[in-house]
Amino acid sequence: MSDILDRLQDILDQRRHAAPEDSYVAALHHKGLNKILEKLGEEATETLLAAKDAERGDDAERQALIAETADLWFHSLVMLSHLGLDHGAVLDELARRFGVSGHDEKAARQQ
């Protein structure tokens, strides 16, 4: 799976510097962080709504949740890219948390 994220990161890096009229990613970067965050919030809301539908839904509603989650992840990667970060740092953080109780990890963040 990391290979897919690596490939996507390469594409995001290339398109970040493309002409805004030629690339959706370039257009988001050109509009700035606030626009990227607005889009990320929109995708988060759509994912939440799709999850509610999928809870008792059919295969189509469950597939809609997968599609919305992909949009959310994609726009999260665009946000990270805009800030000079990439998915590797997120994967490293997730790996660091293995073997750590969720309750302990959350408590450590609050200190």
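The following dialogue reads several features of a predicted model, one after another.

Student: Before we begin, what kind of model is this, and how are its residues numbered?

Tutor: This is a predicted model, in which local features need pLDDT of at least 70 and side-chain atom pairs count only at pLDDT 80 or more, while totals for chains, interfaces and linings use all residues. Residues are numbered from 1 along each chain as its sequence is written, and side-chain values use heavy atoms, with hydrogens and water left out.

Student: How many helices and strands does the chain have?

Tutor: Helices (H or I, at least four residues) and strands (E, at least two) are DSSP runs, numbered from the N terminus. The chain has six helices and zero strands, and along the sequence it follows the pattern α-α-α-α-α-α. Its C-alpha trace spans about 45 × 40 × 30 Å along the principal axes.

Student: How should I read the packing of two helices, and at what angle do α3 and α4 cross?

Tutor: Two packed helices are described by the angle between their axes and the distance between the axes. The axes are lines fitted to C-alpha atoms, for helices over the stretch in contact, with angles from 0 to 180 degrees between N-to-C directions. Helix α3 (residues 33-55) and α4 have axes that come within 8 Å and cross at roughly 160°. That makes α3 roughly antiparallel to α4, since angles over 145 degrees count as roughly antiparallel, those under 35 as roughly parallel, 65 to 115 as roughly perpendicular and the rest as oblique. The crossing of α3 and α4 is left-handed, a term for a near helix turned anticlockwise from the far one by less than a right angle, with right-handed used if it is clockwise. The residues of this contact divide into 13 nonpolar, five polar and eight charged, where Ala, Val, Leu, Ile, Met, Phe, Trp, Tyr, Cys and Pro count as nonpolar, Asp, Glu, Lys and Arg as charged, and the others, Gly among them, as polar.

Student: Where does α2 stand relative to α4 and to α1?

Tutor: The axes of helix α2 (residues 24-31) and α4 come within 11 Å and cross at roughly 50°, which makes α2 oblique to α4, and this crossing is right-handed. For α1 and α2 the axes come within 8 Å and cross at roughly 60°; that makes α1 oblique to α2, again with a right-handed crossing.

Student: Is A27 buried or exposed?

Tutor: Buried means under 20% relative accessible area, exposed over 50%, and partly exposed in between (1.4 Å probe, protein chains only). A27, in helix α2, is buried because its relative accessible area is 17%, whereas D86, in the loop between α4 and α5, is partly exposed because its value is 34%. Of the 111 residues of the chain, 24% count as buried.

Student: What is the volume of the largest pocket, and which residues line it?

Tutor: On a 1 Å grid over the protein atoms alone, a pocket is an open set of points with protein on both sides within 12 Å along at least five of seven lines, and lining residues have an atom within 4 Å of a point. The largest pocket has a volume of about 270 Å³, a volume being the space filled by probe spheres set on the points. Eleven residues line this pocket, and of these L5, W73, L77, V90 and L91 lie nearest its centre. The elements giving two or more residues to the lining are α1 (2-16), α4 (59-82) and α5 (87-97). By class, the lining has eight nonpolar, three polar and no charged residues.

Technical notes:
1 Å grid on protein atoms, 1.4 Å probe; cavity = no way out; pocket = protein on both sides within 12 Å on 5 of 7 lines; lining within 4 Å.
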